[in-house]
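Biologist: I would like to go through this model with you one point at a time, with the reasoning spelled out before each value or name is given.

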Amino acid sequence: GEGVGKNVFSFLQLDLDQLLRRHLGSDRCSATELIIAPGNYAHNLKLIDLLYWEDVKKTGTFFGAIILTLFSLTQFSSISVLAYLALSALSVTISLRLYTSVLHLLYKTQEVHPFQSYLDLDICFSQEQLRKYSEATVLHLTSSVDHLRRLLLVEDLLDSLKFGVLLWLLTYIGALFNGLTVTILVVVGIFIVPLIYRKHKAQINQYLGLMRGQIKDLTAKIQAKLPGSRPKAE
């Protein structure tokens, strides 16, 4: 299996566009597609449009709601935040329901439930969908466990050392930020990085190419000096 070093720096081994086409097979690529799980192609394209701010109003609302929720979690307990969110949603739905009922009484029109289309939606998964998602979940889980086993049991010394360095760096990140702060930074990055990459694609790819060469040379030198390391095929 591939080592953790290759996973950590895989985005440096190819042009970002090439990596992104592997995930969706799309000519429209961005750095954010790396976090999109394989799935329905049309659904993925909608998600890409959302992250690219194609519809500023929709993306702004979605982004603002996530950030507001995360900031709320930094000040209040998760139970309080969930309760307030549910109460806010319930207030809106009850208001709309009463509004349509009042209109029906005043104008003697046929009463139409404002959320009937959503109530009629079929939210059940078919057997095929359940099987598909179950298989995908088990596949990812077993693959992750197997890879972690290889790293912890030092199948490849260089990969395990890289994993150790990564864990060491995470201890510093944990000392500086809590989990919610890191999550907020990640969300902001998800919505900002695609725009920056699209505007400065050539320069970013150039710097990534330089980093790729330096990392490749350094890795080769270290691997040559470590006992028990296996040279990896290109």
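Biologist: Does Val188 count as buried, partly exposed or exposed, and what is the relative accessibility of Val188?

Modeller: This is a predicted model, and what follows is computed from it. Val188 lies in helix α10. Buried would require under 20% relative accessible area and exposed over 50%. Val188 falls between these cut-offs and therefore counts as partly exposed, its relative accessibility being 32%.

Biologist: Which residues is Val188 in contact with, leaving aside its neighbours within four places in sequence?

Modeller: The C-alpha atoms of Val188 and Phe63 are separated by 8.3 Å, although these residues are 125 residues apart along the chain. With neighbours within four places in sequence left aside, the residues in contact with Val188 are Phe63 and Ile67.

Biologist: Phe63 also forms an aromatic pair with Phe191; what are the centre to centre distance and the angle between the planes?

Modeller: The structure holds six aromatic pairs. The one formed by Phe63 and Phe191 is classed as tilted, a class that takes the planes that are neither under 30 degrees nor over 60 degrees apart. For this pair the values are 4.8 Å centre to centre and 45° between the planes.

Biologist: How many residues apart in sequence are the parts that this pair of Phe63 and Phe191 ties together?

Modeller: Both rings belong to buried residues, since Phe63 has a relative accessibility of 17% and Phe191 one of 3%. Phe63 lies in helix α5 (residues 56-75) and Phe191 in helix α10 (residues 179-199), so the parts tied together by the pair are apart in sequence by 128 residues.

Biologist: Which residues form one aromatic cluster with Phe63 and Phe191?

Modeller: The pair of Phe63 and Phe191, tilted as described, belongs to one aromatic cluster formed by four named residues, and the other members are Trp53 and Phe62.

That cluster does not name Trp168 or Tyr172 among its members. The remaining partners of the cluster are thus Trp53 and Phe62.

Biologist: What kind of aromatic pair do Trp168 and Tyr172 form?

Modeller: Trp168 and Tyr172 are four residues apart in helix α9 (residues 157-176), so about one helical turn separates them. Tyr172 counts as partly exposed, at 48% relative accessibility. The ring centres are 5.0 Å apart and the planes stand at 80°, and the pair is edge-to-face.

Biologist: Is α10 roughly parallel or roughly perpendicular to α11?

Modeller: The axes of α10 and helix α11 (residues 201-225) come within 5 Å and cross at roughly 95°. Angles of 65 to 115 degrees fall in one class, and that makes the arrangement of α10 and α11 roughly perpendicular.

Biologist: Which residues of α11 make the contact with α10?

Modeller: By class, this contact has three nonpolar, one polar and three charged residues. From α10 come Ile196, Tyr197, Arg198 and Lys199, and from α11 come Lys201, Ile204 and Asn205.

Biologist: Which residues does Thr100 touch, not counting those up to four places away in sequence?

Modeller: Thr100 is found in helix α6 (residues 78-107), and a relative accessible area of 19% means that Thr100 is buried. Not counting residues up to four places away in sequence, the residues touched by Thr100 are Val112 and Pro114.

Biologist: What percentage of the residues of the protein count as buried?

Modeller: The protein has eleven helices and zero strands, and its accessible surface comes to about 17100 Å², with 67% belonging to carbon and sulfur atoms. Of its 234 residues, the share that count as buried is 19%.

Terms used: Residues are numbered from 1 along each chain as its sequence is written. This is a predicted model: local features need pLDDT of at least 70, side-chain atom pairs count only at pLDDT 80 or more; totals for chains, interfaces and linings use all residues. Side-chain values use heavy atoms; hydrogens and water are left out. Rings of Phe, Tyr and Trp (its six-membered ring) pair if their centres lie within 6.5 Å; planes under 30 degrees apart count as stacked, over 60 as edge-to-face and the rest as tilted. Helices (H or I, at least four residues) and strands (E, at least two) are DSSP runs, numbered from the N terminus. Buried means under 20% relative accessible area, exposed over 50%, partly exposed in between (1.4 Å probe, protein chains only). Axes are lines fitted to C-alpha atoms, for helices over the stretch in contact, and angles run from 0 to 180 degrees between N-to-C directions. Angles under 35 degrees count as roughly parallel, over 145 as roughly antiparallel, 65 to 115 as roughly perpendicular and the rest as oblique. Contact means heavy atoms within 4.5 Å. Ala, Val, Leu, Ile, Met, Phe, Trp, Tyr, Cys and Pro count as nonpolar, Asp, Glu, Lys and Arg as charged, and the others, Gly among them, as polar. Accessible areas come from the Shrake-Rupley method with a 1.4 Å probe; for residues, only the protein chains shown count as cover.
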